[in-house]
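Please open the structure in your viewer and keep a selection tool at hand. The tour goes from the whole chain to a few chosen pairs of side chains.

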Amino acid sequence: TTRQLSDLAMKNVLQAREIAKRKIYEFEIKQINENLERIIQKRTFQLKQMNAGLEDKIAERTQRLSQINKMLESEISTRIEMEESLRKSERVLYESQKVAHIGSYVVDCQKKIWKGSPELYRIFGIAEIIPRPLSEWLQIVHPDSRRRILNLLLKKHNHKRRFELEYKIIRSNDATQRWVRHICEHAYDDQKNLVQIIGTIQDITEYKKTESEILYLSYHDT
């Protein structure tokens, strides 16, 4: 019986120790949980602040993007209106050129190419393809005037800027000869190199015929 009592006492001691350990573990777990709760609350607060800051930034960016979009829409609308106005002006210009038989052109003297208005292509009797080489223009000019036009388009003229001359052309599509009046201005760079020519060409064939008839009548009795 003494031994049984001794074993029972030992068991009680061991149980007491186990209970004490559990209480210590439970206390430590409780502390850990409390620390975790504080950390979670702190992080949650920080996240709320970050989210609030992000929402403010997003709202600010959204407002900026909205303003930019409005500006772009306004600019696009203005650009469309300007392009439409330009197209209308070009149509009026082309129709006016057609009525007056006047075509316009621009020559790039460095690249030796040129492009013209639709009426100029009709006067020359060529297709509306741009840009075109200067050599093609020279082939349209009557041989009697070809050297003069070559000098006009490619060479310096003591830096004279404006020219006006009349000459004959041979239309490409039907080989008919027509008289034209050529008015142009030369543009030079800082080194006095000819860089661009802008001008107009008018079909004056009918005017030339009338002029010849008047000249003939002035020397002959009707």
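## The whole chain

Of the 222 residues in the protein chain of this predicted model, 20% count as buried. Begin with the entire chain in view and colour it by secondary structure, which brings up five helices and six strands, arranged from the N terminus on as α-β-β-α-β-α-α-β-β-β-α. The radius of gyration of the protein chain is 47 Å, well over the 17 Å that the globule rule gives for 222 residues, so the chain is more spread out than a compact globule. If you turn the view along the principal axes, the C-alpha atoms fill a box of roughly 170 × 35 × 30 Å.

Switch next to a surface display, where the protein chain exposes about 17100 Å², with 55% of that area supplied by carbon and sulfur atoms. Colouring by charge then picks out 40 positive and 32 negative side chains, two sets whose centres lie 8 Å apart.

## Along helix α1

Now look for salt bridges, of which a search of the whole structure finds 11. Select helix α1, which covers residues 2-100, and within this helix pick Arg64 and Glu60, which are four residues apart, or about one turn of the helix. Their side chains meet in a salt bridge at 2.9 Å, N to O. Arg64 is partly exposed, with a relative accessible area of 46%, and Glu60 is likewise partly exposed, at 39%.

Stay in helix α1 and move on to Arg79 and Glu75, again four residues apart and about one turn of the helix. The side chains of Arg79 and Glu75 form a salt bridge at 3.3 Å, N to O; Arg79 has a relative accessibility of 44% and counts as partly exposed, and Glu75 also counts as partly exposed, at 44%.

## Between helix α5 and strand β4

Which side chain does Lys208 meet in a salt bridge? Select Lys208 together with Glu166, and the salt bridge between their side chains appears at 2.9 Å, N to O. This pair links distant parts of the chain, since Lys208 lies in helix α5 (residues 205-219) and Glu166 in strand β4 (residues 162-170), 42 residues apart. Is Lys208 buried or partly exposed? Its relative accessibility is 17%, so Lys208 counts as buried, whereas Glu166, at 28%, counts as partly exposed.

For the last stop, add Glu164 and Arg181 to the selection, and you will have a network of salt bridges that links Glu164, Glu166, Arg181 and Lys208.

Conventions:
Residues are numbered from 1 along each chain as its sequence is written. This is a predicted model: local features need pLDDT of at least 70, side-chain atom pairs count only at pLDDT 80 or more; totals for chains, interfaces and linings use all residues. Side-chain values use heavy atoms; hydrogens and water are left out. A salt bridge is a side-chain nitrogen of Lys or Arg within 4 Å of a carboxyl oxygen of Asp or Glu. Helices (H or I, at least four residues) and strands (E, at least two) are DSSP runs, numbered from the N terminus. Buried means under 20% relative accessible area, exposed over 50%, partly exposed in between (1.4 Å probe, protein chains only). The radius of gyration is taken over C-alpha atoms; the globule rule is 2.2 Å times the number of residues to the power 0.38. Accessible areas come from the Shrake-Rupley method with a 1.4 Å probe; for residues, only the protein chains shown count as cover. Lys and Arg count as positive and Asp and Glu as negative; His and the chain ends are not counted. The place of a charge is taken as NZ of Lys, CZ of Arg, CG of Asp or CD of Glu.
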